[in-house]
Amino acid sequence: MGKHDDDRAVKVEHLIRRHGPCIGVCAGKDCARNGAKHVIRAVGAALDEAGLADQVAVELTKCQDHCDDGPNMTVFPGGYTYVELDAEAARHVVLEHLR
């Protein structure tokens, strides 16, 4: 993640079409500046901890339009958005929402 959305990032709306659970972590410039890379690492570690790493996809998304509240991520199915995340909060979301 650099100054702008990561080149691999997709629009969060595209994740609705995925089959199976997915977490979209915002890679927009404000979320990146506020620690999204720590959220991504925490999500991956929590998925491993919960035994869900092979069942839940993690995608970087373009800006999710919650710039003042980032970093943020959206969990599918359902489109549940979590804002103002840090590594511990992201871990908690994975362990409580997805387990």
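Which strands does helix 3 (residues 87–98) lie across? Strand 1, strand 3 and strand 4 are the ones, and helix 3 runs at about 15 degrees to strand 3. These legends walk through a predicted model, where local features need pLDDT of at least 70, side-chain atom pairs count only at pLDDT 80 or more, and totals for chains, interfaces and linings use all residues. Residues are numbered from 1 along each chain as its sequence is written, and side-chain values use heavy atoms, with hydrogens and water left out.

**View 1. The whole chain, for orientation.** The protein chain has 3 helices and 4 strands, and along the sequence they follow β-α-α-β-β-β-α. Helices (H or I, at least four residues) and strands (E, at least two) are DSSP runs, numbered from the N terminus. The C-alpha trace spans about 35 × 30 × 20 Å along its principal axes. A compact globule of 99 residues would have a radius of gyration near 13 Å, so the 12 Å of the protein chain agrees; the radius is taken over C-alpha atoms, and the globule rule is 2.2 Å times the number of residues to the power 0.38. Of contacts (heavy atoms within 4.5 Å) between residues at least 6 apart in sequence, 68% join residues at least 24 apart.

**View 2. The sheet and a helix lying across it.** Here's an open sheet of 4 strands, in the order 2-1-3-4 with mixed pairing. Strand 2 (57–61) and strand 4 sit at the edges, each pairing on one side only; to pair, two strands need at least two DSSP bridges between them. Neighbouring strands are turned by 20 degrees against each other on average, direction ignored. Strand 1 (residues 22–26) and strand 3 (residues 73–76) run antiparallel, joined by 4 bridges, and Val-25 stands opposite Met-73 in strand 3. Helix 2 (residues 36–50) lies across strand 1, strand 2 and strand 3, at about 160 degrees to strand 1. Axes are lines fitted to C-alpha atoms, for helices over the stretch in contact, and angles run from 0 to 180 degrees between N-to-C directions.

**View 3. Tyr-82 and its partner His-97.** Tyr-82 lies in strand 4 (residues 80–82). It counts as partly exposed because its relative accessibility is 25%; buried means under 20% relative accessible area, exposed over 50%, partly exposed in between (1.4 Å probe, protein chains only). A polar contact of 2.5 Å joins the side chains of Tyr-82 and His-97. That term means a pair of N or O atoms within 3.5 Å; within protein, one must be able to donate a hydrogen and the other to accept it, and residues adjacent in sequence count only if both atoms are side-chain atoms. Leaving out residues up to four places away in sequence, Tyr-82 also touches residues including Pro-71, Val-75 and Val-93.

**View 4. The nonpolar cores.** The largest nonpolar core has 18 residues, and those with the most contacts inside it include Ile-23, Val-39, Leu-47 and Met-73. Such a core is a set of buried Ala, Val, Leu, Ile, Met, Phe, Trp, Tyr and Cys residues joined through side-chain atoms within 4.5 Å. Helix 2 gives the most to this core, with 6 residues. A second, separate core of 5 residues includes Val-12, Leu-15, Ala-57 and Phe-76.

**View 5. Thr-61, tucked into strand 2.** Thr-61 has its place in strand 2 and counts as buried because its relative accessibility is 0%. Neighbours within four places in sequence aside, its contacts include Ala-9, Leu-15, Val-25 and Gly-28.
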